[in-house]
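User: Please explain how the terms used for this structure are justified. I should like each term set against its cut-off.

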Amino acid sequence: MSTRFPQMAPPESTYFRKGFGLKQDVEATLSADYAGQIVDLLRAHDYRLTADGVTVLLAREFGFCYGVERAVEYAYQTRHKFPARRVFLVGEIIHNPHVNARLRDMGIEILMPVDGVFDYSVISADDVVILPAFGVSITDFQTLRGKGCVVVDTTCGSVLNVWKRVEAYARDGYTALIHGKYYHEETRATVSQVEKFPGGTCLVVRTMDEAHDVTEYIAGRGDRTAFLAKYAKAASAHFDPDVHLARIGVANQTTMLARESLAIGDVVGTAMAAAKGDDYRRENFRTFDTICSATQDRQDAVNALLLDPPDVMLVVGGYNSSNTLSLAAMCAERVRTFHVEDALCIDPARGTIRARNPVTGVEGETAGWLGSGPVRVGLTAGASTPNNKIGDAIARVFATRGVDLLALP
Ligand code: SF4
């Protein structure tokens, strides 16, 4: 039974958080769907492979994280356990189009929100509903429990840790200042954990520029009307900057750029001390790094790769994948970077790549991106990208120079 929603006390028989003990039954299918022969080949060659002047360097941590692996496995177990029942998923299980398409192929229906709101009218007590790794809001959870259907909750343990942290802030009267994207599923769910407390208040900031709006306000240089207008969607409905910036607890969406989260916590704490003194800050400011270890490991691995910068970085993962965007932003600071949402964006026949520019956010096609001389291509992938898709991208890089990777001795 969940301890997150003590008021609900769902019966054990319809609420599952640990799968169904069917791992062995779905292992072969999972492996066939997502394992990657080419990724295994690179691992066996110390994460680098060279052929015809092209060297691909793979970051040592990349791709599926523990939370995603678990969520996808539980979805497969759920289908296996209930072959004859309708199975629904609340939004995308992770931000990867192939994984979501595969689940649809298995007959799992993905409910998509309209303006952030899910329509659960189609769900009946006979159905099975899977909650994604990002978690869902308390309202959504309660609505689904009220339906009497089977609920399979794949919320990642690292997300639950963020919830615990912001709950403590709200309980103790601190405004939860979250470094994240207010519209992201995970952050929406986190905000609901804060607002379940009477007076619980949240403010979500996405960038250091937005954190500076907060520090300016703390310093007494803010404009209340302008602040409220700018953060109308990113703050609790009752948020008042004159009241709710007096006590602040900082947390972050698990997949943000760790360095930026720490810097945001730092400037806000410093602004509080500058405005009201160190004692005030000690009493009224808290911060806690809630970046998950998988995100941190992938960012650390990219930093290690960039110590000897390759000529080009390739980042594979959905354009709506927060952790992938963070990886691409890190790479773009140091190296020419192409963020592709899929291996198919690399066209070996035409020598082109269709990619999102991590700085401008604009997608475009580049011809001759690999050049014709020796080139070192660094590669990483977001936590929602399976190994077979990473392998496809690597194969297409080599194929752009006419090398068939699987035909190599
Ligand atoms: S990125 Fe982190 S928080 Fe998100 S599912 Fe993976 S392990 Fe969990």
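Analyst: Two residues are in contact if their C-beta atoms, placed from the backbone, lie within 7 Å. The model is a predicted one, in which local features need pLDDT of at least 70 and side-chain atom pairs count only at pLDDT 80 or more, while totals for chains, interfaces and linings use all residues. Residues are numbered from 1 along each chain as its sequence is written.

User: Which residues does isoleucine 93 contact, leaving aside its neighbours within four places in sequence?

Analyst: By that 7 Å limit, isoleucine 93 is in contact with Ala71, Val72, Ala75, Val99, Asn100, Leu103, Ile130, Pro132 and Ala133. Isoleucine 93 is also among the residues with the most contacts inside the largest nonpolar core, which has 109 residues. Such a core is a set of buried Ala, Val, Leu, Ile, Met, Phe, Trp, Tyr and Cys residues joined through C-beta atoms within 7 Å.

User: Why is aspartate 46 called exposed or buried?

Analyst: A residue is buried if 20 or more other C-beta atoms lie within 10 Å of its own, exposed if 12 or fewer, and partly exposed in between. Aspartate 46 has 10 such atoms within 10 Å, so it is exposed. Tyrosine 47 has 17 C-beta neighbours inside 10 Å and therefore counts as partly exposed. Aspartate 46 lies in the loop between α2 (37-44) and β2 (48-51), and its phi is near 55°, a positive value in a residue other than glycine. Most residues other than glycine have a negative phi.

User: What makes β6 and β7 a pair of strands?

Analyst: Strands are DSSP runs of E with at least two residues, and helices are runs of H or I with at least four, numbered from the N terminus. Two strands pair if DSSP finds at least two bridges between them. Strand β6 (residues 128-131) is joined to β7 (residues 150-153) by 4 bridges, so the criterion is met, and the two run parallel. Isoleucine 130 stands opposite valine 152 in β7.

User: Why are β1 and β5 placed at the edges of their sheet?

Analyst: The open sheet of 5 strands has the order β1-β7-β6-β4-β5, with parallel pairing. β1 (15-16) and β5 (108-111) each have a single partner strand, so one side of each is left without a neighbour in the sheet.

User: How do you know that β12 is mostly covered?

Analyst: Of the 5 residues in strand β12 (residues 312-316), 5 are buried. Val312, Leu314 and Val316 point one way, and Met313 and Val315 the other way. β12 pairs with β13 (residues 336-340) in the parallel sense over 5 bridges.
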